[in-house]
Amino acid sequence: TVHSWGAYAAYSHKVTPFRDEDSQVYCTVKVAKGELKSRQWANVRALDGTLLRVSKDNPKAPLIIFGQYGAKVLATEKHSLIVAVPSSSHTMHGQPFTGAYLAEAITQRMPASSGVKAAPLLAFKQVMPKASAGEADARNKPLIKAALKSSLASLARQRVVLVDDVCSSGA
């Protein structure tokens, strides 16, 4: 099952202006990834009704929004591991990256009785090509599979929920 908080248009917003909802998702994703370079911002309503200004000056807003969404989606989960898909430059276990922040934002909003935990288990053996930059082999699935490393020997009999900051055909 795939759940997505949102998607934005792939065309250049500098040529054709985004619709309001495209701009809201674009700003939220770019701020979460630390990639918003402009003074652009958007007001986005979280599931609890709070209106949050999403901008590079408020980097916690995407975590609140996604954390609430993820906790709602996973409300019926019990004793699952939330595993963040590593970013292309994530090569060291225990080092922060966007997906890990999102996974932690979800677990912070889950009831303690759920047993749902964030488990930073995945990293790459070396820095990988960036799909968002159009680099060669960024979506080469055999290369990605061979480059992934895990800090856990086995996930047998574990329910695993993968969290990624962007849904793509990459890792």
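**Figure 1. Contacts across the protein chain of the predicted model.** Among contacts in the protein chain with a separation of 6 or more, 59% are made by residues 24 or more positions apart. The radius of gyration of the protein chain is 16 Å, in agreement with the value near 16 Å that a compact globule of 171 residues would have. Along the principal axes, the C-alpha atoms of the protein chain fill a box of roughly 45 × 45 × 25 Å. Of the 171 residues, 37% count as buried. The protein chain exposes about 10,400 Å², and carbon and sulfur atoms supply 53% of this area.

**Figure 2. Order of the secondary-structure elements.** The protein chain comprises four helices and seven strands. Read from the N terminus, the elements follow the order α-β-β-α-β-α-β-β-α-β-β. Elements shown in the later views include helix α1 (residues 20-32), helix α3 (residues 98-107) and strand β7 (residues 159-163).

**Figure 3. Helix α3 and the elements that pack against its buried residues.** Seven of the ten residues of helix α3 (residues 98-107) are buried, so this helix is largely enclosed by the rest of the structure. The buried residues of α3 are T98, G99, L102, A103, A105, I106 and T107. Their packing partners are the helices α1 and α2 together with the strands β3, β4 (117-118) and β7. An α-helix has 3.6 residues a turn, so residues three or four places apart point the same way.

**Figure 4. Surroundings of S23 in helix α1.** S23 belongs to helix α1, which covers residues 20-32. With a relative accessibility of 17%, S23 counts as buried, because buried means under 20%. When residues up to four places away in sequence are not counted, S23 touches F18, Q40 and A42. S23 and W41 are 18 residues apart along the chain, and their C-alpha atoms are separated by 8.3 Å.

**Figure 5. Charged side chains and the salt bridge between E21 and R19.** The protein chain carries 22 positive and 12 negative side chains, and the centres of these two sets lie 4 Å apart. The count of salt bridges comes to four. In one of them, the side chains of E21 and R19 meet at 3.1 Å, N to O. Both partners are partly exposed: E21 has a relative accessibility of 42%, and R19 has a relative accessible area of 48%.

**Figure 6. The salt bridge between K30 and E35.** The side chains of K30 and E35 meet in a salt bridge of 3.3 Å, N to O. K30 is buried, with a relative accessible area of 16%, whereas E35 counts as partly exposed at 24% relative accessibility.

**Figure 7. The salt bridge between R159 and E77, with the network of R19, E21 and D22.** A salt bridge joins the side chains of R159 and E77 at 2.5 Å, N to O. R159 lies in strand β7 (residues 159-163) and E77 in the loop between α2 (61-73) and β3 (80-84), so the pair ties together parts that are 82 residues apart in sequence. R159 is partly exposed, with a relative accessible area of 49%, whereas E77 is buried, with a relative accessible area of 12%. Elsewhere, R19, E21 and D22 are joined into one network by salt bridges that share partners.

**Figure 8. H79 in the loop between α2 and β3.** H79 has a phi near 50°, a positive value in a residue other than glycine. Most residues other than glycine have a negative phi. At 56% relative accessibility, H79 counts as exposed. The loop between α2 and β3 holds H79 and also E77, the salt-bridge partner of R159.

**Figure 9. D48 in the loop between β1 and β2.** D48 is placed in the loop between β1 (42-45) and β2 (51-54). With a relative accessibility of 51%, D48 counts as exposed, because exposed means over 50%. D48 and K37 are eleven residues apart in sequence; in space, their C-alpha atoms are 28 Å apart.

Definitions and conventions:
Residues numbered from 1 in each chain as written. Predicted model: local features only at pLDDT ≥ 70, side-chain atom pairs only at ≥ 80, totals over all residues. Heavy atoms only, no water. Buried < 20%, exposed > 50% of the residue type's maximum accessible area, 1.4 Å probe, protein only. Helix = DSSP H or I, 4+ residues; strand = E, 2+ residues; numbered from the N terminus. Rg over C-alpha atoms; globule rule 2.2 N^0.38 Å. Contact = heavy atoms within 4.5 Å. Areas by Shrake-Rupley, 256 points an atom, 1.4 Å probe, with all protein chains shown as cover. Lys, Arg positive; Asp, Glu negative; His and termini not counted. Charge placed at Lys NZ, Arg CZ, Asp CG, Glu CD.
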